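The following exercises concern the protein shown below. Each task is followed by a solution that proceeds step by step.

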Amino acid sequence: MIERRKFLMAGGLGAAAMFPPGVLGTRAYSATAQPPAGCEDPAGTPNTPPLKKFVDPLPRPMTAISDPSVYPGADYYEVTMRQSSWRFHRDLKPSPVWGYWATNPHDPHRPIGMGYLGPTFDVTMDHPTVVKWRNELPTTHMFQKVIDMIRDKAPVVAPIPPPPYKYVPQFPDDINVWNVVHQHGGYTAPQSDGLPEQSYSPKGFHAEGYTTLDPSRVKPNEAIYGYTNHDHSCMLWYHDHAMGMSALNVYAGLAGLYLIRDPADERLGLPRGEFEVPLILQDRTFHEDGSLAYTMTDREGEDTPVVNGKAYPYLDVEPRRYRLRILNASNERFWRLRFDVDPRDAILEPPLPFWLIGTDGGFRAPLHMLDFLISPAERYDLIVDFSRVRPHTKVTLTNYPGTQVHFPGIPGCGPEIADIMQFRVTKQLSGGGDRTTPPEKLKLHSVAPIEPKPQTRRREWVVYQHQLYRTMTFNAVPYMEPSQDFIEEGSTEIWEYINPNHDAHPMHVHLVNFQVLNRQPIDAARYQTDYEKWISGGRKPKEHPVLANYFTGPPVPPDPDEALSYKDTVKAPAQMVTRIIIEEFVPPTDDIASIPNSGAELPATYIHHCHLLEHEDDDLMRPWTIVGPDGHHHDSGHDGGGHSH
């Protein structure tokens, strides 16, 4: 099995030549759905039994109900993580799953949830939210075998750091389950951010960084967090971020949506109510008995598409415009999505065009599209017009043939998935017709570009694998080493993600929204060699490889769907440097709902990481710290932190 993972983590060097030095817009696909040699599943890897497609209706996560009486000026929720059972498909038996359940203030005996995933928070911009997160999960993990592998330092899964650093266990010997909730994309103080070292167990064991607001109101297995909701109108999400096991915890079901609404949006004329449909995309593998199988120690990606917790669901729709809020909540899979029309002659062009109206951090100028690539943790806000096809047409959401799990990357490693779900245009037009605004007439503010200035600080983050097939880190420094990157409050920075390896990585920065500036191809092999020399030579600042010496072409502008958009997650393709610009590092310092010590204090430490969850757990994650103008921290970027110019 470990040999297998060697090939996967290396990214299959022989296959890399099939791609031009990865430009994101490049449409390059493996010609065949057969995995190349060396990509076969190891003996005994579970595969999902054959499932009939499009027989289960699409579930819609319920919405949590707030109690406004607990903290004046805020919406309060209590949410419990627990195990229950969920049926992923008509032909599968119910499976044990983990999920979030919200207390119902009107009926305490009927908590809000499905069992799998969590209820949706639907909140108002700038009106804060306070959540008590309670951990009632089992103390033995659903994927205990993988927990044991991590604990036994199996090289497939354990973060073995590069020299001179020493291995540090991810979790204590007697803890098999611990959790912490991260509001992904939120403008949040560090003590409510859900950093991995804030984890806590069902029995109330606390990791060393555990924090809670209002400590007199919590039991040891609880934490109270405050969210400012000081954001654009957008769709965030929340998910587990526990130290060393977030990939397994999210896979078991710990994720949900968090919608921030601006009352002014009602004037826009967007589809709403039943015509606004959230789609949480994941890939999962199932045992014959219907239970979840986790195969990511044996291969990349799982074999079955799951949307809102159902495999291959369908949705009956009216011939009108719908707003689809899409989240890629997969552990590792990139999807390249389009809407295929069947029968083919039902429309002049086979894929149904749609409009992109928003990304991770909110609205953007509408963009007419036929397909898009979405990496783990990204969100796309679409308007799809089903009146453009004939009645009784079926429209299938499909994944482009040949889209690898990590795209662009090695062709074909990991199971291929084509069909995802189906929309059936079978319902009668209700409510006297479609009164929503046509997308081309939508009055959405364009996102103004953040302009870099000559003196804008640049910070480099190298995706470094000290040994092929092994742990990845940023700048060859393990996550648990103290922050070495000190950023002055209010400053603007350009971050350069240097990716010399052979897979694309989605990079997520906590706290901030940013814009994608550009990408530039590099001579990855030469850069990697010189970086190795720098490390083995003692990491002397003067000998650090100078990025400009490795470019093999000019900068490439961002793809149209990412340009002039608010983002919190960016695709960093193989053999490229990906540049983002962050306009202002300013944490929220005001107290939330008059709770003492709920605002950020400087220095304020946050993190960024790869959102391939297995890579995040395996150490591709680093802290960074906002300091005041009088911060006495000298930039120590040259000792292995974010190298700066």
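**Exercise 1.** Determine what share of the contacts between residues at least 6 apart in sequence join residues at least 24 apart.

Solution. A contact means heavy atoms within 4.5 Å. Among contacts between residues at least 6 apart in sequence, 79% join residues at least 24 apart. The model is predicted: local features need pLDDT of at least 70, side-chain atom pairs count only at pLDDT 80 or more, and totals for chains, interfaces and linings use all residues. Residues are numbered from 1 along each chain as its sequence is written, and side-chain values use heavy atoms, with hydrogens and water left out.

**Exercise 2.** State how many of the 645 residues, as a percentage, count as buried.

Solution. Buried means under 20% relative accessible area and exposed over 50%, with partly exposed in between (1.4 Å probe, protein chains only). By this criterion, 64% of the 645 residues are buried. Cys234, for instance, is buried because its relative accessibility is 2%; for Cys610 the value is 0%, so this residue is also buried.

**Exercise 3.** Establish on which side of helix α5 its buried residues lie.

Solution. Helices are DSSP runs (H or I, at least four residues), numbered from the N terminus. First, α5 spans residues 524-536. Next, Ala524, Tyr527, Tyr531, Trp534 and Ile535 of α5 are buried. They lie on the same side of α5 because they cover an arc of only 95° around the axis, the arc being that of the directions from the helix axis to the C-beta atoms. On the other side of α5, Ala525, Lys533 and Ser536 are exposed. Finally, the cover of the buried residues includes β23 (457-465) and β26 (493-499), where strands are DSSP runs of E, at least two residues.

Technical notes. The expected span of a helix is 1.5 Å times one less than its number of residues.
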